[in-house]
Amino acid sequence: MSANMGEIEIAELRKLTTFIKEKFDYNFKDYAMSSFRRRIKRMLDLYKLQTVDELIHILNTKEGFFEEFVSELTVNVTEMFRDPTFWRVLREHIIPNIMLNHNKISIWHAGCSSGEEIVSMSIVLDEMGILDKAKIVATDIDRSIIARAKEGRYPLKHMEVNRKNYLRYQGKYSLEKYYTEVGSEAVINKSLLENVSYRKHDLVQGSVFSKFDLVLCRNVMIYFNQTLQNQVLHRLHESLFKYGYLVIGSKESLIWCDIAHKFIVVNNEEKIYKKIKD
């Protein structure tokens, strides 16, 4: 079917996800179908392909193309201090509550994308004077985007919106304090990211690898169907210490999850939950 001839058929998408599972052991079968279809359509347009079969052929024959495919499929445009009110709640309530009974804090950014959220978190902790007490783990399914996050380099043209978000967050300084301009890029100060470890991790099939006081998994599950959301939320629950906090995206919910009763709502507007049962 031509990329320009209406919708891609469900059968074509199933053929693609089955091929990917068998060839690369990546499971996209439970992604929300409308979102998955849109992204595959975009990919056909991007690579000037006419059919899903052509995409399967390239995936099967072109070395290294699968990594490129995953990058395009999971691309997530984000910003520093996105939803500034959330970051204020984190600074004023959530992190102080965690630090009441601890002298350190462990944080997992699940689906970290290009790392703007990690930079934001590090700035929050630095301004609170506790960055040296933090252990931060950043994971994503896409190796190339993890590499970008690790570099901490962002186009200067993106910094205007980041600066506006930081102003609305009401930070202590100006965002320029935390980066230097090198050519057309903003390079984040290395000291901010010293306590961050980066690793490739599949939220769907990956194992629980540690326990955390705070887990952020924002705007990742909107691409999953309910079955997959349930699986991921089980994994996130297992990854939290009892009385640890989970943050999800503004359009996501725990309501339909079968372990919803193991959390309480801390802030419904900012989608912050607290684990109360193992």
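## Helix α9 and what covers it

In this predicted model, the buried residues of helix α9 are covered by elements that include β1, β7, β8, β9 and β10. The residues of α9 that lie buried are Leu228, Asn230, Val232, Leu233, Arg235, Leu236 and His237. An α-helix has 3.6 residues a turn, so residues three or four places apart point the same way.

Helix α9 itself runs over residues 226–238, 13 residues in total. From its first C-alpha to its last it reaches 18 Å, close to the 18 Å expected at 1.5 Å a residue.

## The seven-stranded sheet

Let's turn to the strands. Seven of them form an open sheet with mixed pairing, in the order β6-β2-β1-β7-β8-β10-β9. The edges belong to β6 (196–200) and β9 (263–267); each has a single partner strand, so one side of each is left without a neighbour in the sheet. On average, and with direction ignored, neighbouring strands here are turned by 20 degrees against each other.

Two helices that pack on this sheet are worth following in the viewer. Helix α5 (residues 84–100) touches β1, β7 (212–217), β8 (240–248), β9 and β10 (272–275), and its direction makes about 160 degrees with that of β7. Helix α6 (residues 116–127) also packs on the sheet, where it touches β1, β2, β6 and β7. The direction of α6 makes about 170 degrees with that of β2.

## Strand β1 and its partner β2

Strand β1 (residues 105–110) pairs with strand β2 (residues 134–140) in the parallel sense, over six bridges. Two of the residue pairings can be picked out by name: Trp108 has Val137 of β2 as its bridge partner, and His109 has Ala138 of β2.

Is β1 covered or left open? β1 is mostly covered, with six of its six residues buried. Ile105, Ile107 and His109 point one way from the strand, while Ser106, Trp108 and Ala110 point the other way, and all of them are buried.

## Ser122, inside helix α6

Helix α6 is home to Ser122. With a relative accessibility of 0%, Ser122 counts as buried, the cut-off being under 20%. Which residues does Ser122 contact, leaving aside its neighbours within four places in sequence? They are Leu131, Ile136, Leu192, Leu193 and Val196. Of the strands that α6 touches, β2 and β6 are two; Ile136 falls within the 134–140 stretch of β2, and Val196 begins the 196–200 stretch of β6.

## The three-stranded sheet

A second open sheet is built from three strands in the order β3-β5-β4, and its pairing is antiparallel. Its edge strands are β3 (153–155) and β4 (179–182), each of which pairs on one side only. Neighbouring strands in this sheet are turned by 30 degrees against each other on average, direction ignored.

β4 meets strand β5 (residues 185–188) in the antiparallel sense, over four bridges. One of the residue pairings here joins Val182 to its bridge partner in β5, Glu185.

## Helices α1 and α3

Two packed helices are described by the angle between their axes and the distance between the axes. For helix α1 (residues 10–24) and helix α3 (residues 52–61), the axes come within 10 Å and cross at roughly 10 degrees. Angles under 35 degrees count as roughly parallel, and α1 and α3 are therefore roughly parallel to each other.

From α1, the contact is made by Glu12, Lys15, Leu16, Phe19, Ile20, Lys23 and Phe24. From α3 come Val52, Asp53, Leu55, Ile56, Leu59 and Asn60. By character, the residues of this contact divide into eight nonpolar, one polar and four charged.

## Three loop residues

Most residues other than glycine have a negative phi, and most peptide bonds are trans. Lys48 has a positive phi of about 55 degrees although it is not a glycine, and Lys271 likewise has a positive phi of about 55 degrees without being a glycine. Lys48 sits in the loop between α2 (33–46) and α3, and is exposed, with a relative accessible area of 70%. Lys271 lies in the loop between β9 and β10, and is buried, with a relative accessible area of 12%.

The loop between β9 and β10 also holds Glu269. Glu269 is exposed, with a relative accessible area of 67%. The C-alpha atoms of Glu269 and Phe86 are separated by 8.6 Å, although the two residues are 183 residues apart along the chain.

How values were computed: Residues are numbered from 1 along each chain as its sequence is written. This is a predicted model: local features need pLDDT of at least 70, side-chain atom pairs count only at pLDDT 80 or more; totals for chains, interfaces and linings use all residues. Side-chain values use heavy atoms; hydrogens and water are left out. Axes are lines fitted to C-alpha atoms, for helices over the stretch in contact, and angles run from 0 to 180 degrees between N-to-C directions. Angles under 35 degrees count as roughly parallel, over 145 as roughly antiparallel, 65 to 115 as roughly perpendicular and the rest as oblique. Contact means heavy atoms within 4.5 Å. Ala, Val, Leu, Ile, Met, Phe, Trp, Tyr, Cys and Pro count as nonpolar, Asp, Glu, Lys and Arg as charged, and the others, Gly among them, as polar. Two strands pair if DSSP finds at least two bridges between them. Buried means under 20% relative accessible area, exposed over 50%, partly exposed in between (1.4 Å probe, protein chains only). The expected span of a helix is 1.5 Å times one less than its number of residues.
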